[in-house]
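User: Hi! I'd like to go through this structure and ask why things get the labels they do.

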Amino acid sequence: DDSPNSCEWSGTISLANADAIFTGVEASDYTGYSVSQAGDVNVDGYPDILIGAYGSGDTGRVFVFFGPFSGSLDTDSADVVYTATVGTQVGFSVAGGCDLDGDGNQDDFLIGDPAAVEIDQTTGALWVVTGPISTGTYNLDDFATKLVGVPGSAAGSALSCSGDLNNDGVDDILVGAPQYEGRGAAFVVYTP
């Protein structure tokens, strides 16, 4: 109603009182190292979320929780789990709420892994996942488009769906590679 009221936030608020708390199940999972809204990836009318846990399991994982949600949940209750090749850091970065395939729905997302190995070299990488998606556990290497960095670049350390940068009606991708040529770089990729 455009007037100040008692519902405004002010002061210091503890996250222990959050409306929903998502926790890892193993020590050193690093659950929540990266987080993002995901858009409505299962097309049920509710927003969903991505939670990266690059220390989870042998590969790192990304967990998708379909909204709405509340209370205390752990990653064993995730609706979707993504992994990749053994020895990587899947989930170091995530970005969602994108329309990368031009279908008009913001149900696509990115999963980054700066430690990904390609042809025996650490390059970093990111996977492009297009929605809608279904409940289950998936290996990204089996179905998702993979963009690979140059050797030693740590590509995929940071990700963003950067909006429509070339005015073609489709969102584009911004990829951080902080070790590129010793100076770091950011790469723009026009999609689809």
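Analyst: Sure, let's start in the sheet: strand 2 (residues 31-39) and strand 3 pair in the antiparallel sense over six bridges. This is a predicted model, where local features need pLDDT of at least 70 and side-chain atom pairs count only at pLDDT 80 or more, while totals for chains, interfaces and linings use all residues. Residues are numbered from 1 along each chain as its sequence is written, and side-chain values use heavy atoms, with hydrogens and water left out.

User: What makes strand 2 and strand 3 a pair?

Analyst: Two strands pair if DSSP finds at least two bridges between them. Strand 2 and strand 3 have six bridges, so they pair. Within that pairing, V35 stands opposite I51 in strand 3. On to strand 4 (residues 61-65): it pairs with strand 3 over five bridges, again in the antiparallel sense, and I49 stands opposite F65 there. The strands themselves are DSSP runs of E, at least two residues long, numbered from the N terminus.

User: Why is strand 3 called mostly covered?

Analyst: Strand 3 covers residues 48-53, and six of its six residues are buried. Buried means under 20% relative accessible area, exposed is over 50%, and partly exposed is in between (1.4 Å probe, protein chains only). D48, L50 and G52 are buried on one side, and I49, I51 and A53 on the other, which covers both faces.

User: Why does L165 count as partly exposed, and why does N167 count as exposed?

Analyst: L165 has 44% relative accessibility, which falls between 20% and 50%, so partly exposed it is. N167 comes out at 72%, and that is over 50%, so exposed is the word. L165 lies in the loop between strand 14 (158-161) and strand 15 (173-177), and N167 is found in that loop too.

User: What touches V64, and how do you know that it's a contact?

Analyst: Contact means heavy atoms within 4.5 Å. Leaving out residues up to four places away in sequence, V64 touches V41, I49, L50, A78, D79, V80, Y82, F109 and I133.

User: What makes a nonpolar core?

Analyst: A core is a set of buried Ala, Val, Leu, Ile, Met, Phe, Trp, Tyr and Cys residues joined through side-chain atoms within 4.5 Å. The largest one here has 18 residues, and V64 is among those that touch the most other members. A second, separate core of 11 residues includes A95, C98, L100 and V175.

Note on methods. Helix = DSSP H or I, 4+ residues; strand = E, 2+ residues; numbered from the N terminus.
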